[in-house]
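Good morning. I will go through one structure today, and I will start with one of its internal spaces before moving outwards.

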Amino acid sequence: MKKIILILLAAVSFSAAQKVVLQLSWLNQFQFAGYYVAKEKGFYRDVGLDVDIKEFQNDTDLSSVIQKGKADFAVGRSSLLIDKINGKDVVALGSIFQESPLILLTRDDANISSVKDLMHKRIMMTNDAKDTASIMAMLFSNGIAQKDIKIIPHSFNLNDLINKKTDAMASYISNEPIRMEEKGIGYKIFDPKDYGFYFYSDILFTSSKFIKNNPKLTKDFYEASIKGWRYAFDHISQTAEIIHNHYNTQHKTLIELIKEGEVLKHLALKKDTPLGYLDRNQLNDIVKVYKVLGIVTKNIDLDTFIYKYNHPTELAFKLKYRDIWFIGIIFILLLISLNFILLFISLRKRWIHTQSHLKQTIADQKEEIDKQNKIIIVQSKIAAIGEMLSNIAHQWRQPLNVISLSTAKIETALLLGKEMKNEDFLKISNDINLQTEYLSQTIDDFRNYFSPNSENFASFNIKDTIGKVNELTKEVFKSSGIEMIMSMKECVITHNENFLIQALLNIYNNAKDAIIENGTAQRYFFIDLRCDEEKIVITLKDSGGGIDSETIEKIFEPYFTTKYKSKGTGLGLYITYSIITQQLNGTISAHNVKYRYKDHDLSCAEFVITLPIYFS
């Protein structure tokens, strides 16, 4: 008798349950898991609802289904915003997926590595622009308009992509990629959100008319559905079994359903965002995309679009909790700021007392630095004088030999009592005069080089300047067996010529030393001069074998030398660097290069000097 009574009560309860129709936007799969769970676990029944869940049909217009009363609730996309703008009675209860699973899928072997590679490609997707707006926006942002692609009507058959009947296919990230993996086929995903286009998906909606006539039913259905979704994502394997056993019209495997659930969970659950939440700013951003694509021109009234209970009590609590937390942080920051102010006041007096001492310390340090810099310059000049004296000694040796031989001829003629012809005597006298003038010119070059007037600015041809440096070093290079190879253009600059001479001499001498120390039989020194309207570039290289890679970055530092301590001060290249960068406002760099000359493979440290042109 008790059993009969329970059966009768259950029958009465079931008959009292209110019939509700939910229209899905696609075929049964984990995409709609929360609604299946709410039905199978009795969440709908607990609030007096008997829910009939209908799969999508090819000719189903979701908004029209609601408008015509064929369904009470439906699942739609962000395109509901367009329907609302166009005057349809649409109210969004909540969005299950905060990010749309809609993507473009290509094969790995399609030679498509970026969105721009989709230009003029075949793309399989629906013709309804509003349903594929996120994809079109992604293409548009990469310079691809609709006319630049060939849209193929969607067959919803993955084999069309596998068999290369299309180059790309609009797909769900939770479905087709999983199937491609199971088939062992490589693929590439192009997701609109990776390009800044965040669209909602699977928005549960109804009409304002229905809500007005059924306010409690609407609220009960929405809250029971959200409860079902929470359970589904907390128990993915169990939910997959429910779908596999009762809603598997697509004949998916249990593993496929579980994988689908794991992917969709990440799209639905976002940190600090309640399940189903609709953000006004994001909705406005989506409308802006529709406007850019030319789908709509008007604005939307979000107050009538978003369901008033979309922000549940849970969200309100979180917001209040956040507000309290925020106020607490501000209070703590104020206390810290106050302590800093008090500390500042207490230290200010001490700082005032020490300020004058600090200024004096800085002045003393600056004076010491200036002294050190002057010492470095003096040491550089001393080293340069040594190099110059060596060069002059080489240059004077030949003229002095000529003068000595000429006077010996006259002396020999006098001792032997030979009569010297006038023309012979005049020739000897002329030779002596020429050699004397050469010696005098060498002295002038030496004096000009060490001229203390650093403000001696004038226009000069760098080709002539390099010629002067060549004259100062030619005898040393010649005695060392080093051949100079030059390629030079006429390049005029306005500055102090002596600065450049000193900078170049240091590089010349370093090149000579490197060649000698390397002991190579092929001894060359290359000078290349070129210029344009803005700059002059001087490139110098030798055949000295280059500089160790670990030390080449340090060669412009003061006192750093690659020579033996007895042979170098480490100031030459530092002074060159200072002159080029500070005095001549240019740049200098050094790097090792390998090259081939006269059938010989050579290597060296190549110096590149770049100078700005200042015309007088």
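This is a predicted model. The lining of the second largest cavity divides into four charged residues, two polar and one nonpolar. The residues are S174, N175, I178, R179, K252, E256 and E260. The volume of this second largest cavity is about 50 Å³. Two elements, α8 and α12 (254–268), give two or more residues to its lining.

How many cavities of 30 Å³ or more are there? The count comes to four. The largest cavity has a volume of about 100 Å³. Its lining has 14 residues, and those nearest the centre are R77, S100, L102, D131 and Y200. By type, the lining of the largest cavity has six nonpolar, five polar and three charged residues.

Next, the largest pocket. About 1,000 Å³ of space lies in it. The largest pocket is lined by 38 residues, and S25, W26, F56, R77 and F156 lie nearest its centre. You will have heard R77 already: R77 was also among the residues nearest the centre of the largest cavity. The elements that give two or more residues to the lining of the largest pocket are α4 (62–67), α5 (80–85), β8 (168–172) and α8 (176–183). Which element gives the most to this lining? That is α8, with four residues. Helix α8 also gives two or more residues to the lining of the second largest cavity. The lining of the largest pocket divides into 16 polar, 12 charged and 10 nonpolar residues.

Now a strand, β3. In general, the side chains of a regular strand alternate between the two faces of the sheet. Strand β3 covers residues 73–76, with F73 and V75 pointing one way and A74 and G76 the other. Are these four buried or exposed? All are buried. For a residue to count as buried, its relative accessible area has to be under 20%.

Strand β3 has pairings to go through as well. Strand β1 (residues 18–23) runs parallel to β3, and two bridges join them. Across this pairing, Q23 stands opposite A74. Strand β10 (residues 201–206) runs antiparallel to β3, with three bridges between them. There, F205 in β10 is the bridge partner of A74. So that is A74 with Q23 in one pairing and with F205 in the other.

Further along the chain is an open sheet of five strands, in the order β12-β14-β15-β17-β16, with mixed pairing. Why is one side of β12 (483–488) and of β16 (587–597) left without a neighbour in the sheet? Both stand at the edges and each has a single partner strand, so one side of each has no neighbour there. From one strand to the next, the twist averages 20°.

Within this sheet, take β14 and β15. Strand β14 (residues 524–531) and strand β15 (residues 535–542) run antiparallel and are joined by seven bridges. One of the bridge pairs is I527 with L540 in β15. Helix α18 (residues 497–518) packs on the sheet and touches β12, β14, β15, β16 and β17 (600–612). The direction of α18 makes about 20° with that of β15.

Two residues have a backbone angle to point out. K164 has a positive phi of about 65°, although K164 is not a glycine. K164 lies in the loop between α7 (159–162) and β8. Why does K164 count as partly exposed? Its relative accessibility is 44%, and partly exposed covers the range between 20% and 50%. The other residue is H251, with a phi near 60°, again a positive value in a residue other than glycine. H251 is found in the loop between α11 (236–246) and α12. At a relative accessible area of 68%, H251 is exposed, since the cut-off for exposed is over 50%.

Last, the whole chain. It has 19 helices and 17 strands. Of its 616 residues, 43% are buried. Among contacts between residues at least 6 apart in sequence, 79% join residues at least 24 apart. The A74 pairings with Q23 and F205 are the examples to look for on the model.

Key: Residues numbered from 1 in each chain as written. Predicted model: local features only at pLDDT ≥ 70, side-chain atom pairs only at ≥ 80, totals over all residues. Heavy atoms only, no water. Pairing = 2+ DSSP bridges. Axes fitted to C-alpha atoms, helices over the stretch in contact; angles between N-to-C directions. Contact = heavy atoms within 4.5 Å. 1 Å grid on protein atoms, 1.4 Å probe; cavity = no way out; pocket = protein on both sides within 12 Å on 5 of 7 lines; lining within 4 Å. Points joined across faces, edges and corners; volume = space filled by probe spheres on them. Nonpolar A, V, L, I, M, F, W, Y, C, P; charged D, E, K, R; others polar. Buried < 20%, exposed > 50% of the residue type's maximum accessible area, 1.4 Å probe, protein only.
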